[in-house]
Amino acid sequence: MTAPHPQAMSASFTLQGAGVSGGIAIGHAHLVSTARLEVAHYEIAAQEVEAELLRFDTAVARVRSELSGLQAGVSATAPAEIRAILNLHAMLLNDASLSLVPRDHIRKRRCNAEWALVMQMDHLAAQFEAIEDPYLRERKQDIVQVVERVLKAMLGTGHVPAGPSHEEDVIVVAHDLSPADMILFKQHQYAGFVTDLGGVTSHTAIVARSLSIPAIVGLHHARSMIREGELLIVDGREGVLIVDPGPQVLEEYRERSRGIEAERQKLKHLRTARPSTLDGTLIDLQANIELPQDVEKVREVGAAGIGLFRSEFLFLNRDDLPSEDEQFEAYREVADAMHGRPVTIRTLDLGADKSINGAGRMGPNPALGLRAIRFCLAEPQMFLTQLRAILRASRHGKVRLLIPMLAHAHEVEQALAAVRHARETLDDQKVPYDRRIEIGGMIEVPAAALSLAYFVSKLDFLSIGTNDLIQYTLAIDRTDDAVAHLYDPLHPAVLQLVAQTIRIANRAKTPVAVCGEMAGDLAMTRLLLGFGLRQFSMHPAQLLEIKQQVLRTRLDDVRSLAARVARARDPDKARALLAKLNA
Ligand code: PEP
Ligand code: MG
């Protein structure tokens, strides 16, 4: 899509991105810098300059004392990085470039304090971006984080012009949103959101899907082309954004939106239907969640359990680590709410696009860095805290423990040893837990899929993380829209790895599920059933549609075609066969 000429900006225009969650939203644009902090830009009168300077200085002083409080409170068991980062942030804040230069902007340009600070942040960020050394270049993130703290401290202290008043009519327009930003959206009722950056299986998109609001990522220039308050149509299914639509187009989309809502309502009657195929095989349809509050939606759609609880979301948007008790309460809440149905808690998958506040640096190539189990094994105390919390929660339901991103035998051994150690510490303290708790592993690194026999022999169950399996098989960053077109679930290598993992696990009678986005993709249901998959885990919002597809499928009809798809030499051939399978 080429950018329209700026002069055309008041007329209607259309942008194409990647739709990440279905449905149509119609509402008014609300431009945000980041979801966390919506920075207002306004001019101040000459007599307001002193008060604005004071507002800025007060916020800086507040963050200074916040940081020293955090520095003093870092527990001995916290990752060493946290202390280093807090020290760095305190140093950055004390530097004149952040604590004094914005004052000059306020004075000379008569702009509000937030605007002055963000202007200076952009200036510094541009300087850092030009640095060749990747470590120093990464420090840009630290500046952004310090600035965000100061902006937060100023929130509510200025006469910020009010944003749109009804959230249900608001479409958030951002350059980029992190998964941590997105999780904050759970407290809001926005109609939809669109971003310039991002891939469809990034965690940002995954959380958007869990919110069931229409969303589009990878729109490239939307943030700079759209104006505050402009009327927008977000078609999350087709990835189409229409800016300032005419009355006819508007009515057409309203009609489509009503149709989609009617379809959704119709599906509700399937809530209690037994998810079996036409030939009577029962399929286990479970749900993915990010936070305990998501359980409500899981129950609304009658899921058989929770196949993936992405526990790391409990660790985002905060400056400390959740304690064992806090984690225990969260896990117990979910286990209790599921009344004995399985709750699969994945141990921390931090790193890549999800990092704890301040710990922004996960190496030069975060997706390939100290992520998930690698990070946990490097931080044994933090891991122990989580394992103890999960084990303690296990006596409140059917809790299962899932280890992400395994690739090496020694990682499996070390993870199992860490669980044994956590059990021993509980035994010593006579703390009860489910002694038969099952331990599973995610198959999401091609190395694991290609050496599955070992994983099958050591683990009680497997869950295929297709999002990462595709990312790592095809060597593309799932968060990078520049390579989003190369993210292809139908690449023969991907299909072979998925089919083979299911086949080997079934043969060994090791339960296997798919919990990546592929599990909730209607186009893939029959294919996965044909591969022999009997357990799916997906967003609650996708579950009834997938159930409907299961109810319409005869396994005998799909097996041989699915095998042909897996053997297809190129994605186009696979696509043609898949269309036949779904006809
Ligand atoms: C996956 O990789 O497919 C998966 C389910 O884990 P996540 O999306 O959280 O990385
Ligand atoms: Mg994954």
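**Notes on a predicted model**

1. Gln 189 is a good place to begin: with a relative accessibility of 56%, this residue counts as exposed, because the cut-off for exposed is over 50%. Keep in mind while reading that the model is predicted. Gln 189 sits in the loop that runs between α7 (179-184) and β5 (192-195). Leaving aside residues up to four places away in sequence, Gln 189 touches Glu 167 and Glu 168. If you would like a distance across the model, the C-alpha atoms of Gln 189 and Leu 416 are separated by 41 Å, and these two residues are 227 residues apart along the chain.

2. Next, the metal site. Which residues coordinate the magnesium ion (ligand 2)? Glu 444, through OE, and Asp 468, through OD, do so at 2.0 to 2.1 Å. The pair links distant parts of the chain, with the two positions 24 residues apart: Glu 444 belongs to the loop between β13 (438-443) and α16 (446-450), while Asp 468 belongs to helix α18 (residues 466-474). Are these two residues buried or exposed? Glu 444 is buried, at 2% relative accessibility, and Asp 468 is buried as well, at 2%. Both earn that label because buried means under 20% relative accessible area.

3. Helix α18 deserves its own point, since Asp 468 is one of its buried residues. This helix is mostly covered, with eight of its nine residues buried. The buried set consists of Thr 466, Asn 467, Asp 468, Leu 469, Ile 470, Gln 471, Tyr 472 and Leu 474. What do they pack against? Their partners are α8 (203-211), β10 (306-310), α16, β14 (461-464), α19 (492-507) and β15 (512-514). Just after α18 comes Ala 475, which has a positive phi, near 55°.

4. Two other residues with positive phi are worth a look in your viewer. Most residues other than glycine have a negative phi. Asp 244 has a phi near 55° and is located in the loop between β8 (240-243) and α10 (247-267). With a relative accessible area of 27%, Asp 244 is partly exposed. His 339 has a phi near 45° and lies in the loop between α12 (324-337) and β11 (342-346). His 339 is exposed, at a relative accessible area of 61%.

5. Now for a helix pair, α14 (residues 380-393) and α15 (residues 409-428). Their axes come within 9 Å and cross at roughly 65°, and the crossing of α14 past α15 is right-handed. On the α14 side, the contact involves Phe 383, Leu 384, Leu 387, Arg 388, Leu 391 and Arg 392. These meet Ala 415, Ala 418, Val 419, His 421, Ala 422, Arg 423, Thr 425 and Leu 426 in α15. Sorted by class, the contact has nine nonpolar, two polar and three charged residues.

6. The last point is another helix pair. How do α20 (residues 522-531) and α23 (residues 571-582) cross? Their axes come within 9 Å, at an angle of roughly 90°, which means that α20 is roughly perpendicular to α23. The contact brings Ala 523, Met 524, Arg 526 and Leu 527 of α20 to Leu 578, Leu 581 and Asn 582 of α23. By class, these residues divide into five nonpolar, one polar and one charged.

Methods: Residues are numbered from 1 along each chain as its sequence is written. Chains are lettered from A and ligands numbered from 1 in the order in which they are written. This is a predicted model: local features need pLDDT of at least 70, side-chain atom pairs count only at pLDDT 80 or more; totals for chains, interfaces and linings use all residues. Side-chain values use heavy atoms; hydrogens and water are left out. Donors are N, O and S atoms within 2.8 Å of the metal (3.2 Å for Na, K and Ca); water is not among the atoms, so sites may look incomplete. Helices (H or I, at least four residues) and strands (E, at least two) are DSSP runs, numbered from the N terminus. Buried means under 20% relative accessible area, exposed over 50%, partly exposed in between (1.4 Å probe, protein chains only). Axes are lines fitted to C-alpha atoms, for helices over the stretch in contact, and angles run from 0 to 180 degrees between N-to-C directions. Angles under 35 degrees count as roughly parallel, over 145 as roughly antiparallel, 65 to 115 as roughly perpendicular and the rest as oblique. Contact means heavy atoms within 4.5 Å. Ala, Val, Leu, Ile, Met, Phe, Trp, Tyr, Cys and Pro count as nonpolar, Asp, Glu, Lys and Arg as charged, and the others, Gly among them, as polar. A crossing is left-handed if the near helix is turned anticlockwise from the far one by less than a right angle, and right-handed if clockwise.
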